[in-house]
Amino acid sequence: MAILQILHFPDPRLRKISTPVIDIDDRVRTLVDDMFATMYYAPGVGLAAPQVNVHERIIVIDASELKNKPICLINPEIILQEGIDIQEEGCLSLPNLYEKVPRAHRVVVKALSKEGKKFELDAEDLLSVCIQHEIDHLDGKIFVDYLSRFKRDRITKKMEKMRLRTL
């Protein structure tokens, strides 16, 4: 397994909309394994393929306390949303930045597993937030899009300064 490079906001590649996975083959399964390795190493609770510059509809999540419940969602689609929660979110593409974002309290998502099997997942609380956050990445959205223009501009400038310092 490889540790992949995570793109950082405001990289325009994070805005590219992902395409559905047509064939779950060895390349896709290897990508999923590498994404899990990258997410755990970072460390994070979720990672979407666009964050590692692969524009396919693949996300990995492990919102468990012990980091022992990995979930892979290929071509995920939310089929039910209930309630509203406002929780603080972070993102591996925006390191050390946390903001409050409104999300559905509960979602039901249908997807394919790493093995290509169809399944549905009923999620609440942190897992629900993670699923919505990562699906947003597949659609070219970032959690800062839910913030005021003022906050978004401030964060963009801050991230750009950080990027310039690392060059």
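In the predicted model, proline 10 is placed in the segment that precedes helix α1 (26-41). The peptide bond leading from phenylalanine 9 into proline 10 is cis, with omega near 15 degrees. A second proline, proline 43, sits in the loop between α1 and β1 (46-48). Alanine 42 and proline 43 are likewise joined by a cis peptide bond, for which omega is about -15 degrees. Most residues other than glycine have a negative phi, and most peptide bonds are trans.

Positive phi values were found at several positions. Asparagine 53, in the loop between β1 and β2 (58-61), has a phi near 65 degrees, a positive value in a residue other than glycine. With a relative accessibility of 35%, asparagine 53 counts as partly exposed. Aspartate 125, also a residue other than glycine, has a positive phi near 55 degrees. Aspartate 125 belongs to helix α2 and is partly exposed, its relative accessible area being 41%.

Helix α2 covers residues 125-138, 14 residues in total. From the first C-alpha to the last, α2 reaches 21 Å, close to the 20 Å expected at 1.5 Å a residue. Of its 14 residues, 12 are buried, so α2 is largely enclosed by the rest of the structure. The cut-off for burial is a relative accessible area under 20%. The buried residues of α2 include the hydrophobic side chains Leu127, Val129, Ile131, Ile135 and Leu138. Charged or polar residues are also among them, including Gln132, Glu134 and Asp136, together with His133 and His137. Glycine 140 follows α2 and has a positive phi, near 75 degrees.

At the level of the whole chain, the protein contains three helices and seven strands. Their order from the N terminus is α-β-β-β-β-β-β-β-α-α. For 167 residues, a compact globule would have a radius of gyration near 15 Å, and the value of 15 Å for the protein agrees with this. The C-alpha trace spans about 45 × 40 × 30 Å along its principal axes.

Buried residues account for 47% of the 167 residues. Among contacts with a separation of 6 or more, 64% are between residues 24 or more positions apart. The accessible surface comes to about 9,100 Å², and carbon and sulfur atoms contribute 54% of this area. The protein carries 25 positive and 26 negative charges, and the mean positions of the two sets are 7 Å apart.

Note on methods: Residues are numbered from 1 along each chain as its sequence is written. This is a predicted model: local features need pLDDT of at least 70, side-chain atom pairs count only at pLDDT 80 or more; totals for chains, interfaces and linings use all residues. Side-chain values use heavy atoms; hydrogens and water are left out. Helices (H or I, at least four residues) and strands (E, at least two) are DSSP runs, numbered from the N terminus. The radius of gyration is taken over C-alpha atoms; the globule rule is 2.2 Å times the number of residues to the power 0.38. Buried means under 20% relative accessible area, exposed over 50%, partly exposed in between (1.4 Å probe, protein chains only). Contact means heavy atoms within 4.5 Å. Accessible areas come from the Shrake-Rupley method with a 1.4 Å probe; for residues, only the protein chains shown count as cover. Lys and Arg count as positive and Asp and Glu as negative; His and the chain ends are not counted. The place of a charge is taken as NZ of Lys, CZ of Arg, CG of Asp or CD of Glu. The expected span of a helix is 1.5 Å times one less than its number of residues.
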